[in-house]
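Reader: I have a structure open and would like to go through it piece by piece. Can I ask questions as they come up?

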Amino acid sequence: MRVVFSTGEASGDAYAALLKQRMEHFLRVRGRDPSTWMWEGNGGAASRNAGIQILADSSSWGAIGLDAALRAAPKVYAGLKKLKRALRREPKGLFIPIDFGFANVKAARIAKSLGWKVLYFMPPGSWRRDRQAFNLASLADAIVTPFSWSAEMLSEAGASAYWFGHPLLQRSRMARTAGEDEVERRGVAVLPGSRFAELGQLLPVIARALRDFGEPVTLSVAPTFAADEVERGWRALSGREGDRFERGTHELLRHAKAGIVCSGTATLEAAICGCPQVVVYRVGWVSVLQAIVTRFHAQFISLPNILLGENLVPELIQGKATPEAIRERLEGLLAEGEERERQLEGYRRIREMLGPDDALDRTAELAINLAEGPASR
């Protein structure tokens, strides 16, 4: 059996790796040999380390804004060409696109037309309560979405949609060690993003905010970056010598007393891990111009605020993301007071709406059933 994944960002790459591992587990439970299955896909370091044969490296594909998207476009289209060639080869099997909007919708359409079964995991825009990517109903045999309202709307549009809870919950549970709930929180976690444009925009301003800051600092280095380069850049920008650098995010967020987090999936992971946060984001001038011309305006940009529909975590965007503002909001969260407790109470409400913590397991079992079931029509 062939399984082909398609990811375009660090979060999707991590999900592909975890989903492949859980599929292997359940194949063994069913008495099957996972080594007889072929695992391929567009992905990054996590997929490669999980034993997925990489068709095209998607580590640098993630983009926010027109300028970043234009820079990434040649790599994305080259990757789609390699993916299309792989999908044309026999035997046909199961195609699993993960998030990544336009590119994966196009890939799903190609796969479906070639006779592949398609399981769309984490469909784009699933957090929206007013609309969903309804065109997926005709492109996927099954859709697994992380939010209950998304599954309801997609089902109403004719899709075979499933909600098993948010996979970040199981990812967090799998990363947790015994006795971790009792650990003393201290210091600041810095998650400056997984895209090159994000790091270039955010690292200097965060470094200035934490210059001469008394608390210990740990930076999360995304798999898209070389750790030694990030470390050298941080030390040069901040003048700090004793800070730590780690690849993961879970341990940082579970142990830190507060965090400075780039907008994205990490903001929801911080909520799950109970780490109060300041969300920061900046984009280039082309993206700013694009927003002005298109009159784009979003009430919130961080997932905790979007999910609750309220200003739970501070969002410092563009010109508001100054070193002084970041430091002021961070100090307020490090103190034991109303601001910190309000975030933690909001996190408890978010946890309730995210559902069960076995979404990866149930998605893996669905994927196996789909792969081994009757051919799609």
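Reader: Start with T7. Leaving out residues up to four places away in sequence, what does T7 touch?
Author: This is a predicted model, so everything here is computed from it. In it, T7 touches G12, D13, A16, N42, G43, S58, W61 and I98, with residues up to four places away in sequence left out.

Reader: Where is T7 found?
Author: T7 is in the loop between β1 (2-6) and α1.

Reader: Is T7 buried or exposed?
Author: T7 counts as buried because its relative accessibility is 0%.

Reader: Zoom out for a moment. How many helices and strands does the protein have?
Author: The protein has 15 helices and 13 strands. Its C-alpha trace spans about 60 × 45 × 40 Å along the principal axes.

Reader: What radius of gyration would a compact globule with 377 residues have, and what does the protein have?
Author: A compact globule with 377 residues would have a radius of gyration near 21 Å, and the protein has 21 Å, so the two agree.

Reader: How much of the protein is buried?
Author: Buried residues are 54% of the 377 residues.

Reader: And among contacts between residues at least 6 apart in sequence, what percentage join residues at least 24 apart?
Author: In that set of contacts, 67% join residues at least 24 apart in sequence.

Reader: Now empty space. How many cavities of 30 Å³ or more does a search of the whole structure find?
Author: The search finds one cavity of 30 Å³ or more. The largest cavity has a volume of about 50 Å³.

Reader: Which residues line the largest cavity?
Author: The lining consists of E9, A10, D13, G43, G44, A45, S58, S59, P223 and T224. D13, G43 and S58 are among these lining residues, and T7 touches D13, G43 and S58.

Reader: What classes are in that cavity lining?
Author: The lining of the largest cavity has three nonpolar, five polar and two charged residues.

Reader: What about pockets? What is the volume of the second largest pocket?
Author: The second largest pocket holds about 360 Å³ of space. Its lining has 15 residues, and R254, A271, I272, C273 and G274 lie nearest its centre. The elements that give two or more residues to this lining are α6 (167-175), α10 (265-272) and α14 (338-353).

Reader: Which element gives the largest share of that lining?
Author: The largest share comes from α14, with four residues. By class, the lining of the second largest pocket has six nonpolar, two polar and seven charged residues.

Reader: You listed α6. Which residues of α6 are buried?
Author: P167, L168, L169, Q170 and S172 are buried in α6.

Reader: What do the buried residues of α6 pack against?
Author: They pack against α1 (10-29), β5 (117-121), α9 (250-255), α10, α14 and α15 (359-372).

Reader: C273 was in the pocket answer. How many disulfides are in the structure?
Author: The structure holds zero disulfides. C273 is in no disulfide, and the nearest cysteine sulfur, that of C275, is 7.9 Å away.

Reader: Why is C275 not bonded to C273?
Author: Because the sulfur of C275 is 7.9 Å from the one in C273, its closest cysteine sulfur, and that is too far for a bond.

Reader: Are those two cysteines buried or exposed?
Author: C273 counts as buried because its relative accessibility is 2%. C275 counts as buried too, at 0% relative accessibility.

Reader: Change of topic: the backbone. Where is there a cis peptide bond?
Author: A cis peptide bond joins E90 and P91, with omega about -5°. P91 lies in the loop between α3 (66-88) and β4 (94-97). Most peptide bonds are trans.

Reader: Which residue in the loop between β4 and α4 has a positive phi?
Author: F100 has a phi near 60°, a positive value in a residue other than glycine. F100 sits in the loop between β4 and α4 (101-113). F100 is buried, with a relative accessible area of 15%.

Reader: And M122, what is its phi?
Author: M122 has a positive phi of about 60° and is not a glycine. M122 is in the loop between β5 and β6 (142-144). At 11% relative accessibility, M122 counts as buried.

Methods: Residues numbered from 1 in each chain as written. Predicted model: local features only at pLDDT ≥ 70, side-chain atom pairs only at ≥ 80, totals over all residues. Heavy atoms only, no water. 1 Å grid on protein atoms, 1.4 Å probe; cavity = no way out; pocket = protein on both sides within 12 Å on 5 of 7 lines; lining within 4 Å. Points joined across faces, edges and corners; volume = space filled by probe spheres on them. Nonpolar A, V, L, I, M, F, W, Y, C, P; charged D, E, K, R; others polar. Buried < 20%, exposed > 50% of the residue type's maximum accessible area, 1.4 Å probe, protein only. Contact = heavy atoms within 4.5 Å. Disulfide = S-S within 2.5 Å. Rg over C-alpha atoms; globule rule 2.2 N^0.38 Å.
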